[in-house]
Amino acid sequence: MSDPLKLTGMVLLAAPVGEYDRRTVLLTRERGKITAFARGARKPNSPLLAAATPFAFGIFTVYEGKNAYTLVQADISEYFREVREDIVDSCYACYFMELAEYYTRENLEAAGMLNLLYVTLRMLPKPEPDNELIRCIFEMKAMVMNGEFPFETAEDPSLNESTRYAISYVIRAPIQKLYQFTLQPEIFQEFRRVQDYRNSVSIDRKFKSLDILRQMTA
């Protein structure tokens, strides 16, 4: 058996397998997106019962197999309980995790995306910025990090100057300072139109969590 690996990450997805196990998808700093099976995690006395659930963030001890990993231990530092307890916030968070899963690959380090996801989920329970602005910023920054957002958009003369400044800020700002602004309603509407257009031309997948979110916020 290979030596155990300690990976910093977050559970993006979890599903029951067999009678007591769980199949999890972890976004990790060191190995990117990985699939890990948590044996016996659905038993009431399992030490992995809470760890093998979405939103759990911490250090996961795994063994690497041929096609997947085996999760044997977890030291969870954040469960994002405030997000879990708010139905709207949790829907946004599920969408962000689904988008992070879309943009990441196995065995490619994902420190930037993991940091973006962590900081974004921490922002959701706060009164500002608005969750829809958080959504647009998260999507835009994810595209920037993956080389899919055209930087010249920040210089488009057809856009309001404040909109161009906001886009430029998202492109250049470090993740820890990403959510330190709000927008006037008319500027936000233009900012959102820009990002929704980028989504339509750059993303080739439909997200179930986004469909649910749109139904809830309609």
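These are my notebook entries on pockets, salt bridges and a helix in a predicted model.

**Entry 1: the largest pocket**

I started with the open space. The largest pocket has a volume of about 250 Å³. I listed its lining and got 13 residues. Nearest the centre of this pocket lie Asn199, Arg205, Phe207, Leu210 and Arg214. I then asked which elements give two or more residues to this lining. They are helix 4 (131–145), helix 6 (185–202) and helix 7 (208–217). I also sorted the lining of the largest pocket by class. Seven residues are charged, four are nonpolar and two are polar.

**Entry 2: the second largest pocket**

I moved on to the second largest pocket, with a volume of about 170 Å³. Its lining includes Tyr103, Thr104 and Arg105. Leu108, Glu109, Ala110, Ala111, Gly112 and Met113 are also among the lining residues. So are Met145 and Asn146. Which element gives the most to this lining? Helix 3 (residues 111–123) does, with three residues. By class, I noted six nonpolar, three polar and two charged residues in the lining of the second largest pocket.

**Entry 3: salt bridges, the count and one pair**

I looked up the salt bridges next. The count comes to eight. I picked out Arg31 and Glu64, whose closest N and O atoms are 3.2 Å apart. Arg31 sits in the loop between strand 2 (21–28) and strand 3 (32–38), and Glu64 sits in strand 4 (residues 57–64), so this pair ties together parts 33 residues apart in sequence. Are these two buried or exposed? I found Arg31 partly exposed, at 23% relative accessible area. Glu64 is partly exposed too, at 38%.

**Entry 4: salt bridges between and within helices**

I turned to Glu132, which forms a salt bridge with Arg192. Their closest N and O atoms are 3.2 Å apart. Glu132 belongs to helix 4 and Arg192 to helix 6, so the pair ties together parts that are 60 residues apart in sequence. Glu132 counts as buried, because its relative accessibility is 16% and the cut-off for buried is under 20%.

I then checked Arg135 and Glu139. They form a salt bridge, with the closest N and O atoms 2.9 Å apart. How far apart are the two in helix 4? They are four residues apart, so about one helical turn separates them. In an α-helix, residues three or four places apart point the same way, because there are 3.6 residues a turn. Both Arg135 and Glu139 are buried. I traced the shared partners as well. Salt bridges join Glu132, Arg135, Glu139, Arg192 and Asp196 into one network.

**Entry 5: helix 2**

I took the length of helix 2 (residues 87–103). It has 17 residues and reaches 25 Å from first C-alpha to last. That is close to the 24 Å expected at 1.5 Å a residue. I checked its cover. Helix 2 is mostly covered, with 14 of its 17 residues buried. At the start of helix 2, I found a side-chain oxygen of Asp86 within 3.0 Å of the backbone nitrogen of Val88.

**Entry 6: the start of the chain**

Last, I looked up Ser2. It lies in the segment before strand 1 (5–17). Ser2 is partly exposed, with a relative accessible area of 34%. I compared its place with that of Tyr63. The two are 61 residues apart along the chain, and their C-alpha atoms are separated by 6.5 Å.

Terms used:
Residues numbered from 1 in each chain as written. Predicted model: local features only at pLDDT ≥ 70, side-chain atom pairs only at ≥ 80, totals over all residues. Heavy atoms only, no water. 1 Å grid on protein atoms, 1.4 Å probe; cavity = no way out; pocket = protein on both sides within 12 Å on 5 of 7 lines; lining within 4 Å. Points joined across faces, edges and corners; volume = space filled by probe spheres on them. Nonpolar A, V, L, I, M, F, W, Y, C, P; charged D, E, K, R; others polar. Salt bridge = Lys/Arg side-chain N within 4 Å of Asp/Glu carboxyl O. Buried < 20%, exposed > 50% of the residue type's maximum accessible area, 1.4 Å probe, protein only. Expected span 1.5 Å × (residues − 1). Polar contact = N/O pair within 3.5 Å; in protein donor to acceptor, adjacent residues only side chain to side chain.
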